[in-house]
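Let's go through this model together, asking of each label what earns it. Have the viewer open as you read.

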Amino acid sequence: MKAIVVTDQAEGTAGMTLVERPEPEAAGNDVLVEVHASGFTPGELSWPSTWTDRLGRDRTPSIPGHELAGVVSVLGYGTTGLSVGQRVFGLTDWTRDGTLAEFAAVEARNLAPLPGDVDFTVGASLPISGLTAWQGLFEHGHLRPGQSVLAHGAAGGVGSMVAQLAREAGAYVIGTGRAADRQAVLDFGAMEFVDLENDSLEDVGGVDVVFDVIGGDIGKRSAALVRAGGTLVTIAGPPAARPSDGLAIDFVVESDRAQLGEVVQRVRDGRLRTVIGNVATLDDAVAAFNPTERTNGKTIIRVRP
Ligand SMILES: NC(=O)c1ccc[n+]([C@@H]2O[C@H](COP(=O)([O-])OP(=O)(O)OC[C@H]3O[C@@H](n4cnc5c(N)ncnc54)[C@H](OP(=O)(O)O)[C@@H]3O)[C@@H](O)[C@H]2O)c1
């Protein structure tokens with residue numbers, strides 16, 4: 001099969017190569033998925049799981065990309081819950097070969113059915129941003145109706161989902177971003193916008209939940225904005241500061257079939273919008289992940305037309 005591989009962390013996306021690889025096999029509890037569309041998060045090239053297995057052993061050349069939408073083609077021994085020919089989407093194990101390939105072996109529990117009226121390209125764009133926003137807001141942030149949320153980077157992949165899901169859940173949403181992101185952030189449901197390049201973040205006052213996707217100085221200053229009993233949720237690495245009277249939670253997204261179902265149902269009935277930028281073929285994937293111009297939205301690789 002065709003696949004994109006990486007061998008050297010120092011090279012980043014420039015080190016991606018299109019190669020021929022044997023098709024993976026479906027182990028017990030796995031399914032083999034014929035990949036139709038695949039998503040990739042640049043951050044994953046800096047994570048140890050791309051380069052080593054769980055025991056820390058080198059697993060290069062490894063196949064990056066951990067979001068997919070496709071069709072189940074083989075069931076591993078004893079695999080239950082999915083069937084051959086079923087459309088699925090989901091987030092695959094970070095420590096295994098990923099989805100920038102014609103086939104991927106995936107634990108069945110990491111996948112959910114993809115409804116027939118949802119395009120594979122849309123399906124592949126949802127798992128990381130949708131699950132991260134859901135888990136950060138509801139599992140870690142314990143968001144309740146009437147609370148306030150500061151959604152950083154709310155024009156981006158995760159932040160736009162945070163703004164939309166928090167608004168739907170009855171929260172007061174303040175979105176942040178660059179000056180040019182103002183309208184996009186308001187369109188995602190934020191009631192207020194903070195321009196991180198020109199406005200003072202400190203003017204936000206206090207909020208119940210900060211959802212930080214940026215980290216660094218923004219994350220550090222945001223800790224002071226968390227009200228007593230509130231939570232700083234971050235996905236940008238260990239927080240540089242903690243709320244004086246609240247929780248700081250740094251987590252890594254995991255797949256969850258029920259939550260994937262919640263996310264895709266909202267996309268079907270128009271409550272949730274995903275931001276897809278460039279769509280490229282597997283043959284053009286290396287160029288797509290090494291753009292010469294800034295692109296908006298998530299790059300999706302359409303592995304099969
Ligand atoms: N822990 C986890 O489980 C997990 C899960 C998903 C993602 N992540 C990580 O979370 C981060 C965000 O992911 P994403 O997919 O949402 O990325 P994204 O689509 O690039 O969104 C980030 C947004 O924040 C904006 N931004 C970044 N720095 C900014 C700054 N200093 N001032 C103003 N705006 C700024 C970006 O604007 P520009 O594009 O203009 O920079 C963009 O709109 C990445 O580092 C990713 O690796 C972690």
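A pocket here is an open set of grid points with protein on both sides within 12 Å along at least five of seven lines. The model is a predicted one.

Q: What is the volume of the second largest pocket, and what does that volume stand for?
A: The value is about 250 Å³. A volume is the space filled by probe spheres set on the grid points, so the figure for this pocket describes that filled space.

Q: Which residues that line the second largest pocket are closest to its centre, and what makes a residue part of the lining?
A: A lining residue has an atom within 4 Å of a pocket point. The second largest pocket has 13 of them, and Arg54, Asp93, Asn110, Glu254 and Ser255 are the closest to its centre. By class, its lining holds four nonpolar, four polar and five charged residues.

Q: How do you know that Val158, Arg178 and Phe251 make polar contacts with the ligand?
A: A polar contact needs a pair of N or O atoms within 3.5 Å. A polar backbone atom of Val158 is 2.9 Å from a ligand oxygen, and a polar side-chain atom of Arg178 lies 2.7 Å from a ligand oxygen. For Phe251, a backbone N or O atom is 2.9 Å from a nitrogen atom of the ligand. Each of these distances falls within the cut-off, so all three count as polar contacts.

Q: How much of the ligand's accessible area does the protein cover?
A: On its own the ligand has 910 Å² of accessible area, and the protein covers 71% of that.

Q: Why is the ligand said to lie between two domains?
A: Domain 1 (2-126 + 274-302) and domain 2 (129-250) both give residues to the shell around the ligand, so the ligand lies between them.

Q: Which residues come nearest to the ligand, and what is the make-up of the shell by class?
A: The shell has 19 residues, of which Gly157, Val158, Arg178, Val253 and Arg294 come nearest. It consists of ten nonpolar, seven polar and two charged residues.

Q: What is the form of the peptide bond from Thr60 to Pro61, and where does Pro61 lie?
A: That bond is cis, with omega near -5°. Pro61 sits in the loop between strand S3 (30-39) and strand S4 (67-75).

Methods. Residues are numbered from 1 along each chain as its sequence is written. This is a predicted model: local features need pLDDT of at least 70, side-chain atom pairs count only at pLDDT 80 or more; totals for chains, interfaces and linings use all residues. Side-chain values use heavy atoms; hydrogens and water are left out. A residue is near a molecule or strand if one of its heavy atoms lies within 4 Å of it. A polar contact is a pair of N or O atoms within 3.5 Å; within protein, one must be able to donate a hydrogen and the other to accept it, and residues adjacent in sequence count only if both atoms are side-chain atoms. Accessible areas come from the Shrake-Rupley method with a 1.4 Å probe; for residues, only the protein chains shown count as cover. Ala, Val, Leu, Ile, Met, Phe, Trp, Tyr, Cys and Pro count as nonpolar, Asp, Glu, Lys and Arg as charged, and the others, Gly among them, as polar. Domain bounds come from an automatic or database domain assignment. On a 1 Å grid over the protein atoms alone, a cavity is a set of points where a 1.4 Å probe fits but cannot get out, and a pocket is an open set with protein on both sides within 12 Å along at least five of seven lines; lining residues have an atom within 4 Å of a point. Helices (H or I, at least four residues) and strands (E, at least two) are DSSP runs, numbered from the N terminus.
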